[in-house]
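Student: Got a minute to walk through this model with me? Let's start with the helix packing.

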Amino acid sequence: MKNKLLKQIVSFGIVGVLNTLVNQVIYMICVALGMHYLAASIIAFIISVLHAYLWQTKVVFKEDENMEKRVWWQVLLKTYAAYAFTGLFLNNVLLIVWIDLLKIDRFTPPLTELLSSFGISMDNHELAVDIAPLLNICINVPLNFVINKFWAYRQKKTADNNE
């Protein structure tokens with residue numbers, strides 16, 4: 001049991017890193033194309049949750065053959081619902097907190113200067129908009145694991161296993 005949980009946590013972490021990269025790249029492309037950061041976040045969310053579902057189904061929360069079969073579309077809908085709370089609602093609330101309320105761009109001048117020394121030109125606000133989603137990871141990842149493990153991918157015992 002401990003080994004299975006540890007394997008799931010590690011696998012979830014690896015899938016999460018890949019998923020974060022997918023999300024961040026899509027987000028940054030959308031912002032670079034002139035989209036508002038919240039619109040960019042929503043588009044990145046839709047694509048990255050599908051990515052997460054595919055990998056989580058195959059690698060993280062593999063179906064237990066001794067338990068009741070999952071219905072793929074129900075798991076997909078639950079995955080979107082789980083991520084809608086953490087990855088869409090909570091993520092966007094946190095983006096507003098970081099960018100508009102706490103104004104994290106006031107902390108980015110050293111990074112902006114460092115990037116400038118490498119020929120990358122960004123102002124402090126642009127850099128804050130790119131960094132803010134990465135700050136959300138510390139909150140969203142553990143919460144996503146718990147919700148997905150115990151709700152979206154949960155399998156019920158079959159009648160044979162209830163004895």
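**Helix packing, then empty space**

Tutor: Sure. Take helix α4 (residues 109-117) and helix α5 (residues 124-135): they pack at an angle of about 100°, and their axes are 9 Å apart. Keep in mind that this is a predicted model.

Student: What does that angle make α4 and α5 to each other, roughly parallel or roughly perpendicular?

Tutor: Roughly perpendicular. Angles of 65 to 115 degrees count as that, so α4 and α5 qualify.

Student: Which residues meet there?

Tutor: From α4, Pro109, Leu111, Thr112 and Leu115. From α5, Asn124, Leu127 and Ile131. By class, the contact of α4 with α5 has five nonpolar residues, two polar and no charged.

Student: Step back a bit. How many helices and strands does the protein chain have?

Tutor: Six helices and zero strands. Read from the N terminus, the order of elements is α-α-α-α-α-α. The C-alpha trace spans about 65 × 30 × 25 Å along its principal axes.

Student: Where does helix α3 bend?

Tutor: At Ala84, by about 45°. Helix α3 covers residues 72-101. After α3 comes Lys103, and its phi is positive, near 50°.

Student: New topic: cavities. How many of 30 Å³ or more are there?

Tutor: One. The largest cavity has a volume of about 380 Å³. It is lined by 24 residues, and those closest to its centre are Asn19, Thr20, Asn23, Asn140 and Asn144.

Student: How is such a space found in the first place?

Tutor: A probe the size of a water molecule is rolled over the atoms, and that shows where empty space is left.

Student: OK. Which helices supply the lining of the largest cavity?

Tutor: α1, α2 (37-60), α3, α5 and α6 each supply at least two residues. The most come from α1, with eight residues.

Student: And what classes of residue line the largest cavity?

Tutor: Eleven nonpolar and 13 polar, with no charged residues.

Student: Now the largest pocket. How much space lies in it?

Tutor: About 350 Å³. Its lining has 14 residues, and Lys4, Gln8, Lys149, Tyr153 and Gln155 lie nearest the centre. The elements giving two or more residues to that lining are α1 (2-32) and α6 (137-152).

Student: Which element gives the most to the pocket lining?

Tutor: α1, with three residues.

Student: How do the pocket's lining residues divide by class?

Tutor: Six are nonpolar, two are polar and six are charged. Set that beside the largest cavity, where the lining has no charged residues.

Student: One last residue: Ile147. Where is it?

Tutor: In helix α6. Beyond its neighbours within four places in sequence, Ile147 is in contact with Ala82, Phe85, Thr86 and Ala152.

Student: And how far is Ile147 from Val71?

Tutor: Their C-alpha atoms are separated by 17 Å. Along the chain, Ile147 and Val71 are 76 residues apart.

Technical notes: Residues are numbered from 1 along each chain as its sequence is written. This is a predicted model: local features need pLDDT of at least 70, side-chain atom pairs count only at pLDDT 80 or more; totals for chains, interfaces and linings use all residues. Side-chain values use heavy atoms; hydrogens and water are left out. The bend at a residue is the angle between axes fitted to the seven residues ending there and the seven starting there. Helices (H or I, at least four residues) and strands (E, at least two) are DSSP runs, numbered from the N terminus. Axes are lines fitted to C-alpha atoms, for helices over the stretch in contact, and angles run from 0 to 180 degrees between N-to-C directions. Angles under 35 degrees count as roughly parallel, over 145 as roughly antiparallel, 65 to 115 as roughly perpendicular and the rest as oblique. Contact means heavy atoms within 4.5 Å. Ala, Val, Leu, Ile, Met, Phe, Trp, Tyr, Cys and Pro count as nonpolar, Asp, Glu, Lys and Arg as charged, and the others, Gly among them, as polar. On a 1 Å grid over the protein atoms alone, a cavity is a set of points where a 1.4 Å probe fits but cannot get out, and a pocket is an open set with protein on both sides within 12 Å along at least five of seven lines; lining residues have an atom within 4 Å of a point. Grid points are joined across faces, edges and corners, and a volume is the space filled by probe spheres set on the points.
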